[in-house]
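Please open the model in a viewer and keep the sequence panel beside it. The stops below are arranged so that each selection leads to the next.

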Amino acid sequence: MKLPVNDAQRRAAIQALERKIPRRRLASYPTPLQRVGLLSPADGGPALWIKRDDLIGFALGGNKIRGLEVMLADATARGADTLITGAGVQSNHVRATAFAAAHAGLDCIAAYWGKPPAQIDGNYRVTTMLGAGVYFTQDDDRASVDAAIEALAAQLRGSGKRPYPIPRGGACLMGVLGHVLAVCEMYQQCAELSLGPDAIVLAVGSGGTHAGWLLGTKLLNLDWPIVGYSVSRDPAEAILQIARLANEAAAWLGFECGFSAADVQVEGGFIGPGYGIPSPVGAAAIKRLARAAGVLLDPVYTGKAMAGYLNGLGAGAFDACGNVIFLHSGGEPAFFAGNGEWLNIHPQVL
Ligand SMILES: *Cc1c(COP(=O)(O)O)cnc(C)c1O
């Protein structure tokens, strides 16, 4: 496999990838890449940049839009009439899928683990308002969603519909390809700024995003280490899933990358009380970034990943870095779900 070694070759590789990967654009790009004044070199740490995928201008933004642009192109090419997916009730992915389906004139069905929630708030409010059909597995095991997606798809096929099932959380080959295109986008942005990041920091859920960044940086031959912080799975499990997804997407593109666990860095220790449950250090990171940089993170993914990064910074893990780019993958609607007790706010009433 011949990798690009200079800017002209990288741009040619990007053009080839853009021709090959189907995409139905839902927003305009690039998203901003902003330098934030938090922990600047004056504080002894690397300069921090934020890739603002939370500002993707469709469906409240977030990384899931990038994957869905590829899936939507694939779904419509196959003549699908219904998008089916699933996750937890506050899922950003399900909300984004419901918007994408509405936009494309398709039906949408969501399978959620567990039972219906008491409150119709946050992402669930948006998803149901859009008219998505919702199904609850009545089982708190997150994996129960996988069988439900299959069963709902089979039921629809039986009644003559053309469902397009999207795996839980959007973690699939097509989604990974959307994140490969994100790397292409950010390479061009960095080239304009003459910025060579020493690390890319991101939150890891089902791993599709990390897989896309791993594959994209490999295909462009960029020496950008990807540092993931897991917010749901045991890191060892996340690493295997990321390597598998990256290899699958590479094969689809016609490359043999042979990613193994040794090629993937995912840190643990920042899940807190559990997936989807805010953590105290995550809450502290959210407050810190909001006050210092005017950027709102989310309690489920980016707040916890930022807590991990700040901890790594304190421990010297980024001492050798001049520039770090943090991927803000969105998720703010979850900030507005529930009573917000986890933030421990005491309004300054004057
Ligand atoms: C889904 C999600 C992630 C993680 O992406 P994966 O591809 O599932 O690892 C990160 N941040 C936000 C806000 C998300 O919604």
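**First stop: D74 and its helix**

Select D74: apart from neighbours within four places in sequence, D74 is in contact with Y164 and M174, where contact means heavy atoms within 4.5 Å. D74 lies in helix α2. With a relative accessibility of 12%, D74 counts as buried; the term buried means under 20% relative accessible area, exposed means over 50%, and partly exposed is in between (1.4 Å probe, protein chains only).

The model is predicted, and local features need pLDDT of at least 70, side-chain atom pairs count only at pLDDT 80 or more, and totals for chains, interfaces and linings use all residues. Residues are numbered from 1 along each chain as its sequence is written, and side-chain values use heavy atoms, with hydrogens and water left out. Helices (H or I, at least four residues) and strands (E, at least two) are DSSP runs, numbered from the N terminus.

**Second stop: α2 against α6**

Two packed helices are described by the angle between their axes and the distance between the axes. Select α2 (residues 64-77) and α6 (residues 173-193): their axes come within 7 Å and cross at roughly 125°. Axes are lines fitted to C-alpha atoms, for helices over the stretch in contact, and angles run from 0 to 180 degrees between N-to-C directions. The two helices α2 and α6 are therefore oblique to each other; angles under 35 degrees count as roughly parallel, over 145 as roughly antiparallel, 65 to 115 as roughly perpendicular and the rest as oblique. The crossing of α2 and α6 is right-handed, a term for a near helix turned clockwise from the far one by less than a right angle, with anticlockwise being left-handed.

To display this contact, select R66, G67, V70, M71 and D74 of α2 together with M174, G175, L177, G178, H179, A182 and E185 of α6. By class, the residues of the contact of α2 with α6 are 5 nonpolar, 4 polar and 3 charged. Here Ala, Val, Leu, Ile, Met, Phe, Trp, Tyr, Cys and Pro count as nonpolar, Asp, Glu, Lys and Arg as charged, and the others, Gly among them, as polar.

**Third stop: A249, α7 and α8**

Which residue lies 7.4 Å from M174, C-alpha to C-alpha, although 75 residues apart along the chain? The residue to select is A249, in helix α8. A249 is buried, with a relative accessible area of 0%. Neighbours within four places in sequence aside, A249 is in contact with L173, V176, L177 and L215.

Add α7 (residues 208-219) and α8 (residues 235-253), whose axes come within 8 Å and cross at roughly 50°. This pair, α7 and α8, is therefore also oblique, and α7 passes α8 in a right-handed crossing. The contact is made by G208, H210, A211, L214, L215 and L219 of α7 and by I242, L245, A246, A249, A250 and L253 of α8. This contact of α7 with α8 has 10 nonpolar, 2 polar and no charged residues.

**Fourth stop: the four-stranded sheet**

Strands of a sheet pair through backbone hydrogen bonds, either parallel or antiparallel. Now select the open sheet of 4 strands, ordered β5-β4-β3-β6 with parallel pairing; two strands pair if DSSP finds at least two bridges between them. At the edges stand β5 (133-136) and β6 (163-165), each with a single partner strand, so one side of each is left without a neighbour in the sheet.

T82 is a useful landmark: its bridge partner in β6 is P163, and in β4 its bridge partner is D107. The parallel strands β3 (residues 82-87) and β6 are joined by 3 bridges, and β3 and β4 by 6 bridges. In β4, 5 of its 6 residues are buried. Across β3, β4 (107-112), β5 and β6 lies helix α5 (residues 144-158), running at about 160° to β3.

**Last stop: β2 and its partners**

Select β2 (residues 47-52), where 6 of the 6 residues are buried, so the strand is largely enclosed by the rest of the structure. A47, W49 and K51 point one way from β2, while L48, I50 and R52 point the other way.

I50 marks both pairings: in β2 it is the bridge partner of Q34, and in β10 its own bridge partner is F326. Strand β1 (residues 33-36) pairs with β2 in the antiparallel sense over 4 bridges, whereas β2 and β10 pair in the parallel sense over 6 bridges.

Finish at H328, in strand β10 (residues 323-328). H328 counts as buried at 0% relative accessibility. Not counting residues up to four places away in sequence, H328 touches I50, K51, R52, D53, D54, V295, L296, L297 and T302.
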